[in-house]
Amino acid sequence: MYRTAVIDVFVAVLAIISADAVCRIILYRRNQFRREPRTATRGLGLLRVWVNILAFACFAAVAATGFLAVLTEQKTLSGYQLMTHLVVAPLFAIACTFIALFWTHRSQFTATDWSRLRRRSGPPETRGAWAVLLRKIFFWSALALSVPTMVSILVAMFPLPTPAQQQYLFLIHRCCALPLAGVGLLFAYFALVSWRARAQD
């Protein structure tokens, strides 16, 4: 059942990304002859870029080692997959902290978000309004899911819980990790799209 859920979540994520990409290609072709010239804008700081890249790399490694075992119908993580998962997981937790620091202010919901969505057309910086709003929604969803995902497995490693409680904590970890992987991928996608669209918070 969990294997089916993993497949369904990743298929849904790919479907959302594909649908959005197709819509953007169509809109780009409609607007490519009437787009206004863009002014030079200041790019992301070098530290922000490296944090984003490293965080996504850790996210990909943790998700791949965790869900590959499920997709290959392994009962538990073992061998190199388990070692990689355990080594990368603390790095992923640290990267999540920096991602939260860098993106929290930029992901605040404001009245500007809704006013942008009400505009049917506008300058280039307003055309990524949906991407910005979705990026914010998926950011907060990922941030909320990351807490029980990491805390549950961290508590299970200590001798305080009973074996039955450890199994329950592991179940919480698995149940939260799957939607976290989905919304994490969508956050990364829409963050890239909104950056490419030069949408400003």
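Me: Among contacts between residues at least 6 apart in sequence, what share joins residues at least 24 apart?
Reply: In this predicted model, 80% of those contacts join residues at least 24 apart in sequence.

Me: Which secondary structure elements does the protein have?
Reply: The protein has six helices and zero strands. Along the sequence, the pattern reads α-α-α-α-α-α.

Me: And how much of the protein is buried?
Reply: Of the 201 residues, 33% are buried.

Me: How many residues are in the largest nonpolar core?
Reply: That core has 18 residues. Those with the most contacts inside the core are Ile-99, Trp-103, Phe-138, Phe-139, Leu-186, Phe-187 and Phe-190.

Me: Which helices supply at least two residues each?
Reply: Four helices do so: H2 (46-71), H3 (79-103), H5 (129-156) and H6 (163-196). H6 gives the largest share, with eight residues.

Me: Where does another core come in, and which residues are among its members?
Reply: A core of 14 residues lies apart from the largest one, and its members include Ala-63, Phe-67, Cys-96 and Leu-178.

Me: Back to Ile-99. What is Ile-99 in contact with, beyond its sequence neighbours?
Reply: Leaving aside residues within four places in sequence, Ile-99 contacts Val-51, Asn-52, Ala-55, Thr-104, Phe-139 and Phe-187.

Me: Is Trp-103 buried or exposed?
Reply: Trp-103, which lies in helix H3, is buried, because its relative accessible area is 5% and the cut-off for burial is under 20%.

Me: What does Trp-103 touch?
Reply: Not counting residues up to four places away, Trp-103 touches Asn-52, Arg-135, Phe-139, Phe-187 and Ala-191. Trp-103 and Ala-191 are 88 residues apart in sequence, while their C-alpha atoms are 10.0 Å apart in space.

Me: How do H3 and H5 pack?
Reply: The two helices pack at an angle of about 145°, and their axes are 11 Å apart. The crossing of H3 past H5 is left-handed.

Me: Which residues make that contact?
Reply: H3 contributes Ala-93, Cys-96, Ile-99, Ala-100 and Trp-103, and H5 contributes Arg-135, Phe-139, Leu-143 and Met-150. By class, this contact has eight nonpolar residues, no polar residues and one charged residue.

Me: Staying on H5, is Ile-153 buried, partly exposed or exposed?
Reply: Ile-153, found in helix H5, is partly exposed, with a relative accessible area of 23%. Beyond neighbours within four places in sequence, Ile-153 is in contact with Phe-170 and His-173.

Me: How far apart are Ile-153 and Gln-167?
Reply: They are 14 residues apart in sequence and 9.9 Å apart in space, C-alpha to C-alpha.

Me: Changing topic: how many disulfides does a search of the whole structure find?
Reply: The search finds zero disulfides.

Me: Why is Cys-58 not bonded to the closest cysteine?
Reply: The closest cysteine sulfur is in Cys-96, and because 8.7 Å separates it from the sulfur of Cys-58, the two are too far apart for a bond. The cut-off for a disulfide is within 2.5 Å. Cys-58 itself counts as buried, at 14% relative accessibility.

Me: And why is there no bond between Cys-175 and Cys-176?
Reply: Cys-176 holds the closest cysteine sulfur to that of Cys-175, but the distance is 6.8 Å, so the pair is too far apart for a bond. Cys-175 is partly exposed, with a relative accessible area of 46%.

Conventions: Residues are numbered from 1 along each chain as its sequence is written. This is a predicted model: local features need pLDDT of at least 70, side-chain atom pairs count only at pLDDT 80 or more; totals for chains, interfaces and linings use all residues. Side-chain values use heavy atoms; hydrogens and water are left out. A nonpolar core is a set of buried Ala, Val, Leu, Ile, Met, Phe, Trp, Tyr and Cys residues joined through side-chain atoms within 4.5 Å. Buried means under 20% relative accessible area, exposed over 50%, partly exposed in between (1.4 Å probe, protein chains only). Contact means heavy atoms within 4.5 Å. Axes are lines fitted to C-alpha atoms, for helices over the stretch in contact, and angles run from 0 to 180 degrees between N-to-C directions. A crossing is left-handed if the near helix is turned anticlockwise from the far one by less than a right angle, and right-handed if clockwise. Ala, Val, Leu, Ile, Met, Phe, Trp, Tyr, Cys and Pro count as nonpolar, Asp, Glu, Lys and Arg as charged, and the others, Gly among them, as polar.
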